[in-house]
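Open the model in your viewer and keep the selection tool at hand. This tour moves from one stop to the next.

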Amino acid sequence: MRYLNLAFLVLYPLSWFAPLLRAGLLPLFGMSEISVISGLRSLWQTDIFLALVVTLFALVAPMLKTLGLALLQFDVLDRRALPALILLGKFAMADIFLIALYVTLAKGLGVGRVETAWGLYVFTALILGSIVLGALEARRTQGVSAP
């Protein structure tokens, strides 16, 4: 379990460059493939607040949670930090919600063609896998329950 968690530290950055969406015409993004990184680049130019939120939930929260869980699994971090790590992993799902909202809005407004790409599934699987690893670690540790 701990080595799978360590693999996430490598897989997260790779998933940030994978295509999440393909858009024929989307007002916020003037490109055909959108990854986490390319989307953030566009957001920094158009909406700094949203860019900060997405950066926090898409990049910082998953990596901090994964790193914290690794430190906990290798007995460097106190087990009392586990509930906070699990909560941090739940915050990491907010970016998936934002992406789903963009797809829904673009399709609902009829603004071009929007398709999900394989990177969205990889990124979602990593986030969900990290949540599952946190829950398994909580179950393994007696007396610590997920919030």
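Is Leu71 buried, partly exposed or exposed? Select Leu71 in this predicted model. Its relative accessibility is 34%, so Leu71 counts as partly exposed; buried would mean under 20%, and exposed over 50%.

Stay with Leu71 and color its helix. That is H3, residues 48–73. Now add Tyr3, Leu67, Phe74, Val76 and Leu77 to the selection. Together with Leu71, these residues form a nonpolar patch on the surface. The patch has about 560 Å² of accessible area.

Next stop: the strands. Select residues 19–23, which make up strand E1. Four of the five residues here are buried, so E1 is largely enclosed by the rest of the structure.

Which strands pair with E1? Select residues 33–35 to see E2. E1 and E2 are antiparallel and share three bridges. Look for Arg22, whose bridge partner in E2 is Glu33. Then select residues 114–116, strand E3. E3 also runs antiparallel to E1, again with three bridges. Here Leu21 has Thr116 as its bridge partner.

Now zoom out and show the whole chain. Count six helices and three strands. Follow them from the N terminus: the order is α-β-β-α-α-α-α-β-α.

Finish with the surface and the interior. The chain has 147 residues, and 44% of them count as buried. About 8000 Å² is exposed, with carbon and sulfur atoms supplying 71% of that area. Turn on contacts last. Among those between residues at least 6 apart in sequence, 67% join residues at least 24 apart.

Terms used. Residues are numbered from 1 along each chain as its sequence is written. This is a predicted model: local features need pLDDT of at least 70, side-chain atom pairs count only at pLDDT 80 or more; totals for chains, interfaces and linings use all residues. Side-chain values use heavy atoms; hydrogens and water are left out. Patches are made of residues with over 30% relative accessible area and no salt bridge: like charges are joined within 9 Å, nonpolar side chains (Val, Leu, Ile, Met, Phe, Trp, Tyr) within 5 Å. Accessible areas come from the Shrake-Rupley method with a 1.4 Å probe; for residues, only the protein chains shown count as cover. A salt bridge is a side-chain nitrogen of Lys or Arg within 4 Å of a carboxyl oxygen of Asp or Glu. Helices (H or I, at least four residues) and strands (E, at least two) are DSSP runs, numbered from the N terminus. Buried means under 20% relative accessible area, exposed over 50%, partly exposed in between (1.4 Å probe, protein chains only). Two strands pair if DSSP finds at least two bridges between them. Contact means heavy atoms within 4.5 Å.
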